[in-house]
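Reader: I should like to go through the terms applied to this model and hear the grounds for each of them.

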Amino acid sequence: MNRKSREEWASQIAELEQEPAPARKEPITVGRIVTTALTLVEAEGFDALTMRRVAAALQTGPASLYAHVRNKADLDDLLIGTLSRNVSVPAPDAERWREQVLDVCGQLRDQFLRYPGIARAALSAPPANLDTLRITEGLLGIFLAGGVSPRSAAWAIDAVLLYVSGYTYESSLRGGQPDRAEMLARLRMLPVSRFPHVVEHVETLNSGEGHERFEFALRLLLDGLPTAG
């Protein structure tokens, strides 16, 4: 072994005795805050979301978050904007406008259902996020292409988005699908003398699979909109 090789060997041994450099912490960013918040909501529900919980998950203090997010309301708006970004809004088609509205609402419904209770964030304040407003812009174009008047289109957008939020929020409160067998059993126990119609139509009152009722309600609203021509 020559001298140079021995020096290299000694250097390698010396390095074994050195303390490893501490791992550099990943910087706090808006993106990391939003991703962490969504992970928390997906696992524990929207009620568990606080700035302190997000900070703890990021191994920092709440004050570090406020350099990027003004407050909890600002975070809520960012969360809804992020979910809205995942919704594909089609180019308006006058022949398929109702189906297009149903599709956009269905996509948003599925985003909200993935994060239990997050619809509360959508209900708490008017949209101020560009990604959220993109959906409003897209829906407005679809309604107008279908011959719906501007005012009716504007009010219909409010109605369908409110329904999406209400539908998904109710689902989060119930923890998913209700126990249909238990519901049927309780309704059948009602006295026929006082609840003749309910008892007779117990099965119908509890009918529907998946999101059939969701689509039924939206179609009812859309079919009632007056259109030009």
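Author: A salt bridge is a side-chain nitrogen of Lys or Arg within 4 Å of a carboxyl oxygen of Asp or Glu. The model is a predicted one, and it holds 14 salt bridges.

Reader: What makes the contact of Arg109 and Asp110 a salt bridge?

Author: Their side chains meet at 3.0 Å, N to O. The limit is 4 Å, so the pair qualifies as a salt bridge.

Reader: Why is Arg109 called buried, and why is Asp110 called partly exposed?

Author: Arg109 has a relative accessible area of 8%. Buried means under 20%, so the term applies to Arg109. Asp110 has a relative accessible area of 39%, and this value falls between 20% and 50%, so Asp110 is partly exposed. Elsewhere, salt bridges with shared partners join Arg180, Arg188 and Glu203 into one network.

Reader: What makes Asp131 and Arg85 a pair that links distant parts of the chain?

Author: The two residues form a salt bridge, with the closest N and O atoms 3.1 Å apart. Asp131 belongs to helix 8 (residues 130-145) and Arg85 to helix 5 (residues 72-85), 46 residues apart.

Reader: Why is the pair of Glu99 and Arg219 said to tie together separate parts of the sequence?

Author: Glu99 and Arg219 form a salt bridge, their closest N and O atoms being 2.9 Å apart. Glu99 lies in helix 6 (residues 97-114) and Arg219 in helix 13 (residues 212-223), so the parts tied together are 120 residues apart in sequence. Glu99, at 34% relative accessible area, is partly exposed, and Arg219, at 32%, is also partly exposed.

Reader: Why is helix 9 called roughly antiparallel to helix 13?

Author: The axes of helix 9 (residues 150-174) and helix 13 come within 11 Å and cross at roughly 165°. Angles over 145 degrees count as roughly antiparallel, so the term fits this pair. The crossing is right-handed. On helix 9 the contact is made by Ala156, Ala159, Val160, Tyr163, Val164 and Tyr167; on helix 13 it is made by Arg213, Phe214, Ala217, Leu218 and Leu221.

Reader: Where does UniProt place the feature "DNA-binding region", and how much of that stretch is helix?

Author: The unreviewed UniProt entry places this feature at residues 50-69. Over residues 50-69 the chain is 55% helix and 0% strand, and the end C-alpha atoms of the stretch are 12 Å apart.

Technical notes. Residues are numbered from 1 along each chain as its sequence is written. This is a predicted model: local features need pLDDT of at least 70, side-chain atom pairs count only at pLDDT 80 or more; totals for chains, interfaces and linings use all residues. Side-chain values use heavy atoms; hydrogens and water are left out. Helices (H or I, at least four residues) and strands (E, at least two) are DSSP runs, numbered from the N terminus. Buried means under 20% relative accessible area, exposed over 50%, partly exposed in between (1.4 Å probe, protein chains only). UniProt positions are given in the numbering used here, feature names are shortened, and annotations may be inferred rather than shown by experiment. Axes are lines fitted to C-alpha atoms, for helices over the stretch in contact, and angles run from 0 to 180 degrees between N-to-C directions. Angles under 35 degrees count as roughly parallel, over 145 as roughly antiparallel, 65 to 115 as roughly perpendicular and the rest as oblique. A crossing is left-handed if the near helix is turned anticlockwise from the far one by less than a right angle, and right-handed if clockwise. Contact means heavy atoms within 4.5 Å.
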